Amino acid sequence: MTKLQEVAKIELIAFTACAVVAFIVSAGAAVSEHITIPNHIYYNRFWINLFSTYVITCLCYFLLFFYVNTEIEQKERKPSNGIILICLLIHLCWVAGLINEYFALLLAIKMMVIFITSTKDGEKLTLAQEGLMLFALFLFQHAICVILNYNLDIRAVFSTLIPIAILHYLYAVHVLLPELSKTNKTGLKFIGRTIVNAVVTYLLLLMMVYTFYPARDKFDYLYLMNMPAQFVVVPVLSWIIYKARNKREAEEIRSLKTELGKADANLNFLKSQINPHFLFNALNTLYGTALQENAARTGEGIQKLGDMMRFMLEENVADKTLLATDIEYLKNYISLQKLRIATSPNIHIETDIEEPQEQYLIAPMMLLPFVENAFKHGISLNNPSQVRITLQTKAAKLYLDVSNSINKANENDPEKSHGGIGLQNVKQRLSLLYPNHHELIIRDNAKEFFVHLTIDLTEID
């Protein structure tokens, strides 16, 4: 991000420097070749016109740099359609002669760069994005025609017919057809609206020719070309492109529905294979049997395992759960681990877990991965090991500290091949669910692994 900002600054400085140098060169050339009479009307207006030209050129570039670039890159909403108005403004300034052909090329390239950097593969183009692309290509080609000194007829087509056709196309594809697709007899209504649009484009063409070409009688061919362009070419092209895009989107939606259906079928199959009520009844039966046989520790373990399974099936599917419930699950997990290592005197487990005083909410299973990791990597049945866990809440903030000794995993450890939820996963969840509302510090040395987690439990919109 920093490199991109530096590149943007260099680009801004370079364009401004080019504009200043071009202004100085133009002014010097004018003084030496054309202006000889200080009180002549050309002399008095020349400097205002020249200065205004470069100011307008810079303003057009600044609009692209500061407004269009920002609007196109934002992800929270669609970019503003005001981008189309800026494209029209640049076009009108260019046709009016307020932007020279070389700066028109630079502006077109800038527009294309903004478009390319804002689009992703498979992403649907918005009205602003497609308009920016089409006007950039049009402006680039028009400037090339002027530089190569093409005849006035070709340049007149670029000045009038093409921008009007672009506006007609954008309106048809992004506004008219999506609106008509929600009604019946789309084709007939599209033809009717096309006739109305063609009349509007004729009026626009008439206004542009009268504005930019005083010798308007020489450009009657533009009106003749406008008829097939706006009645046939643009509507047919718009219809084909809109239908092709809709077909592709429909295929993507159909594919997603198919995959979702398969996932639902697999989930329903699993649910039918493992009935939660059966599992709880079986655990209750084993718990009763253990008490009858005076196996208190076995009964305690079965009871805690049942509580954990109930949490996994009921609470873990919610976006948020009570912090007290999540802590209870954590305690059950620690108790089961203590039962597993009860016969190992070299293993020390220290816990200081405070009950929350308020009914705070937290994302489920946010704390367990750190404790699970401590038992997985910090416990060895053959070597001295220790795990220390402290948890407390103060002023709507949760503080979790977990430390464990570092031991090489036992080859016979049944958990060796299971990574659990994993620290990478929980890091990602924290960044997504608690952005700027958490702090995670992980340190280790040759003998100990340490985790400190702070979460702000205030509600996040």
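Two strands are taken to pair if DSSP finds at least two bridges between them. With that criterion in mind, the tour of this predicted model starts at the sheet.

**The sheet**

Select strand β7 (residues 448-456) together with β5; the two run antiparallel and are joined by 9 bridges. Within this pair, Asn-404 has Phe-449 of β7 as its bridge partner.

Add strand β4 (residues 385-394) next to β5 (residues 397-405), where 8 bridges link the two strands in the antiparallel sense. Two positions are worth labelling on β4: Arg-388, whose bridge partner in β5 is Ser-403, and Thr-390, whose partner there is Asp-401. Then centre on the turn of the β4-β5 hairpin, which has 2 residues between the strands. One residue in this turn, Ala-395, has a positive phi of about 50 degrees.

Now display the whole sheet, an open arrangement of 5 strands in the order β2-β4-β5-β7-β6 with mixed pairing. Which strands stand at the edges? They are β2 (347-353) and β6 (438-444); each has a single partner strand, so one side of each lacks a neighbour in the sheet. From one strand to the next, the twist averages 5 degrees.

**Helices on the sheet**

Select helix α12 (residues 323-340), which packs on the sheet and touches β2, β4 and β5. The direction of α12 makes about 165 degrees with that of β2. Next select helix α14 (residues 423-433), found across β6 and β7 and running at about 155 degrees to β6.

**The nonpolar cores**

Move to the largest nonpolar core, a set of 48 residues. Those with the most contacts inside this core are Val-68, Ile-90, Ile-99, Leu-107, Met-111, Leu-132 and Leu-139. Two or more residues come from each of α1 (2-33), α2 (41-73), α3 (82-95), α4 (101-118), α5 (127-147) and α7 (161-180). The most, 10 residues, come from α5.

Centre on Leu-139: beyond its neighbours within four places in sequence, it contacts Ile-90, Trp-94, Ala-104, Leu-107, Ala-108 and Met-111. Apart from this core lies another, of 38 residues, including Phe-370, Val-371, Val-451 and Leu-457.

**Two further helices**

Select helix α8 (residues 186-212), whose 27 residues reach 38 Å from first C-alpha to last, close to the expected 39 Å. Among the buried residues of α8 are Phe-190, Asn-197, Leu-205 and Val-209.

Finish on helix α9 (residues 220-273), which contains Ser-238. Is Ser-238 buried or exposed? Ser-238 is buried, because its relative accessible area is 0%, and the cut-off for burial is under 20%. Setting aside residues up to four places away in sequence, Ser-238 touches Tyr-169, Ala-172, Val-173 and Leu-177.

Technical notes
Residues numbered from 1 in each chain as written. Predicted model: local features only at pLDDT ≥ 70, side-chain atom pairs only at ≥ 80, totals over all residues. Heavy atoms only, no water. Helix = DSSP H or I, 4+ residues; strand = E, 2+ residues; numbered from the N terminus. Core = buried A, V, L, I, M, F, W, Y, C linked by side-chain atoms within 4.5 Å. Buried < 20%, exposed > 50% of the residue type's maximum accessible area, 1.4 Å probe, protein only. Contact = heavy atoms within 4.5 Å. Expected span 1.5 Å × (residues − 1). Axes fitted to C-alpha atoms, helices over the stretch in contact; angles between N-to-C directions.
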